[in-house]
Protein chains: 2
Amino acid sequence: MNYIDTLQKYNLKITPQRLEIVDILYKDGHTNIDNLYDKLKQKFPTLSLATVYKNLNLMCEKDFVSEVKIPNQKSVYELTKTEHAHIVCVKCGTILDLILNTDDLVTNIKTTTDYDILSSVIVLNGICPRCKDI
Amino acid sequence: MNYIDTLQKYNLKITPQRLEIVDILYKDGHTNIDNLYDKLKQKFPTLSLATVYKNLNLMCEKDFVSEVKIPNQKSVYELTKTEHAHIVCVKCGTILDLILNTDDLVTNIKTTTDYDILSSVIVLNGICPRCKDI
DNA sequence: CTCTGTGCAAAGCGTTTGCAAACGA
DNA sequence: TCGTTTGCAAACGCTTTGCACAGAG
């Protein structure tokens, strides 16, 4: 994965901080600000939290990164992918992506409500297989 | 609707402020803190925002009230009802309740992911019939 | 009478802003 | 070189806390 091209595609100048942000998001899948900042700090001890905020906000504006609001948790960030749902394990907090076919659902809602549906946010709360066994 | 019984059921003492909070939530369906506070202020000019926060937090803890997190908007509060989805009009901000049968979806996810699903949060973004015509 | 709720002010916390210096193109 | 990004500190806005007084049971 070439993060340089990706950043340039979104008109974001290449900086070491940004490359690392993208790398962490890519590898972690979902990260909240604090986690991200902690990891970045290891590589850039002088890094400012403000820089992380500025970059995430910018990347979200450009729709290169997406913010995922999880009930009762801090927002997490992910590289923007095709629309998908999230399953959150209420015990360990792990977040799993889930590609759902919501076509039927959306068609159904369109006819019953007469709304034009643009997007859907689906978050499921559950217990992951690992936590079930504990 | 007898709000007094309802409050007592949740072990909440009856106060004029609380009765009015419940009344507004009941009539509005979905309200954010600012709206709620503005309306309450008309009846209780000395009301403190802190009181509204304290009460909402308490009512949410007791699951009498639910917080609904909407992407790119402040949370709104509603009296806890049976699980349902929300459609948000991206133009006018109106929120509509939608009772969806998610049984198929949930069963499907349970088998494919092996997660126990406890609850689901579904928010749809769209354009309401009224805004479509403008 | 006792315990809880209210209102006020202050504190707390996460996020944003302004600015000078450093850096990327 | 010029415009952007960084890091720092201060400001900001929302939410929570502590406390004295008022009110509910």
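**Close-up views of two protein chains and DNA strand D**

**View 1. How chain B maps onto chain A.** In this predicted model, a turn of 180° with a shift of 0.0 Å along the axis lays chain B on chain A with an RMSD of 0.1 Å. The two copies are thus related as by a two-fold rotation axis. To find the axis from chain B, look for Ile122(B): its C-alpha lies 2.3 Å away, and no residue of chain B comes closer.

**View 2. The contact between the two chains.** Here we look at where chain A and chain B touch. Chain B brings 31 residues to the contact, and chain A brings 31 residues. Of the interface residues of chain B, 100% are also interface residues in chain A, so the copies meet through the same surface. About 2900 Å² is buried between the two chains, with 67% of it on carbon and sulfur atoms. On the chain B side, the most area is lost by Lys69(B), Tyr115(B) and Val121(B), which together make up 21% of what that side buries.

**View 3. Polar links and the elements behind them.** How many salt bridges cross the interface of chain B and chain A? There are four salt bridges. In a salt bridge you can pick out here, the side chain of Lys132(A) meets that of Asp116(B), with 3.5 Å from N to O. Twelve residue pairs are in polar contact between chain B and chain A, counting pairs with both residues at pLDDT 80 or more. Several elements of chain B give two or more residues to the side that touches chain A, among them β3 (85-89), α5 (103-113) and α6 (129-132). The most comes from β5(B), with twelve residues. That side of chain B divides into 20 nonpolar, seven polar and four charged residues.

**View 4. The protein surface around DNA strand D.** Now turn to the DNA. Of the 17 residues around DNA strand D, the nearest are Thr15(A), Arg18(A) and Lys54(A), together with Tyr53(B) and Asn57(B). Among the atoms of DNA strand D within 4 Å of the protein, 80% belong to sugar and phosphate. The surface near the strand is made of five nonpolar, seven polar and five charged residues.

**View 5. Three polar contacts with DNA strand D.** Thr15(A) places a polar side-chain atom 2.8 Å from a phosphate oxygen of the strand. Ser48(A) has a polar backbone atom 3.5 Å from a phosphate oxygen. Which part of DNA strand D lies 3.1 Å from an N or O atom in the side chain of Lys54(B)? It is a base oxygen. Two or more residues each come to this surface from α2 (16-28) and α4 (49-61) of chain A and from α4 (49-61) of chain B.

Terms used: Residues are numbered from 1 along each chain as its sequence is written. Chains are lettered from A and ligands numbered from 1 in the order in which they are written. This is a predicted model: local features need pLDDT of at least 70, side-chain atom pairs count only at pLDDT 80 or more; totals for chains, interfaces and linings use all residues. Side-chain values use heavy atoms; hydrogens and water are left out. Copies are superposed by least squares on the C-alpha atoms of residues with pLDDT of at least 70 in both. Contact means heavy atoms within 4.5 Å. A residue is near a molecule or strand if one of its heavy atoms lies within 4 Å of it. A polar contact is a pair of N or O atoms within 3.5 Å; within protein, one must be able to donate a hydrogen and the other to accept it, and residues adjacent in sequence count only if both atoms are side-chain atoms. Helices (H or I, at least four residues) and strands (E, at least two) are DSSP runs, numbered from the N terminus. Ala, Val, Leu, Ile, Met, Phe, Trp, Tyr, Cys and Pro count as nonpolar, Asp, Glu, Lys and Arg as charged, and the others, Gly among them, as polar. Buried area is the accessible area (1.4 Å probe) that two parts lose on being put together, summed over both.
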